[in-house]
Amino acid sequence: AMHDTSLHQAFDQLRRSVALRSALSRETLNILILDDDPEDIEIVERNLEAIRDMNITCTGISDIEEMPKELGSNQYDLCILDLNLGALDGFELLESVSEGLLKTAVILNSGILDEEKEKKAAALGIYDSIEKNALSPELLEHVIQFVLQQKSLEQILLSTKVHGAVH
């Protein structure tokens, strides 16, 4: 109960910063799409372009060799990651990159996740997952907003040092 006040402050701050919608419509979101299938990248790009309220710049990469460097560059707000990257597993890619403290929020774009994969995703700090077959602009918009809210809440919590105080 000790930390209630700072949590309340954090939430108030979040609510203010989550004039998110209007902020989003002004800011450009840099989104990285990692998928070994160029057609799948195109599908995601088309869905993202159909989101009217967001200003989005997409970078799609299907070359597995280039993925770690690109994801690790931390110049993206969000990464939409395919789990099955042919020779590479999406989780492996994240593990190799997250050593360098990944600032980019990651969303999985995959088939249905079993419980084991869900656990692994959570352990790796993945924010959310979407099913490839269920992809739509509405779903993406919803997921992106959720992820950005989570991200800004985390930053606020870190900055109010709630993290350090909880044992």
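Author: Contact here means heavy atoms within 4.5 Å, and in this predicted model residues 24 or more positions apart account for 72% of the contacts with a separation of 6 or more.

Reader: Okay, and how many helices and strands are there in the protein?

Author: The protein has eight helices and seven strands, and of its 167 residues, 40% count as buried.

Reader: Let me pick one residue, then: where is Cys 79 found, and is Cys 79 buried or exposed?

Author: Cys 79 sits in strand β3, which covers residues 78-82, and Cys 79 counts as buried because its relative accessible area is 0%, where buried means under 20%.

Reader: Which residues is Cys 79 in contact with, leaving aside neighbours within four places in sequence?

Author: With those neighbours set aside, Cys 79 touches Leu 32, Leu 34 and Leu 71, and also the run of Thr 104, Ala 105, Val 106 and Ile 107. As for Asn 30, which lies 49 residues away from Cys 79 along the chain, the C-alpha atoms of the two are separated by 8.6 Å.

Reader: Switching topic, what about Lys 151, and which side chain of opposite charge is nearest?

Author: Lys 151 belongs to helix α7, residues 137-159, and although Lys 151 is buried, it has no salt bridge, with Asp 77 as the nearest side chain of opposite charge at 5.2 Å.

Reader: Hm, why doesn't 5.2 Å give a salt bridge?

Author: A salt bridge needs a side-chain nitrogen of Lys or Arg within 4 Å of a carboxyl oxygen of Asp or Glu, so Asp 77, 5.2 Å away, does not provide one for Lys 151. Asp 77 is still among the contacts of Lys 151, together with Lys 103, Thr 104, Ala 105 and Tyr 127, once neighbours within four places in sequence are left aside.

Definitions and conventions: Residues are numbered from 1 along each chain as its sequence is written. This is a predicted model: local features need pLDDT of at least 70, side-chain atom pairs count only at pLDDT 80 or more; totals for chains, interfaces and linings use all residues. Side-chain values use heavy atoms; hydrogens and water are left out. Helices (H or I, at least four residues) and strands (E, at least two) are DSSP runs, numbered from the N terminus. Buried means under 20% relative accessible area, exposed over 50%, partly exposed in between (1.4 Å probe, protein chains only). Lys and Arg count as positive and Asp and Glu as negative; His and the chain ends are not counted.
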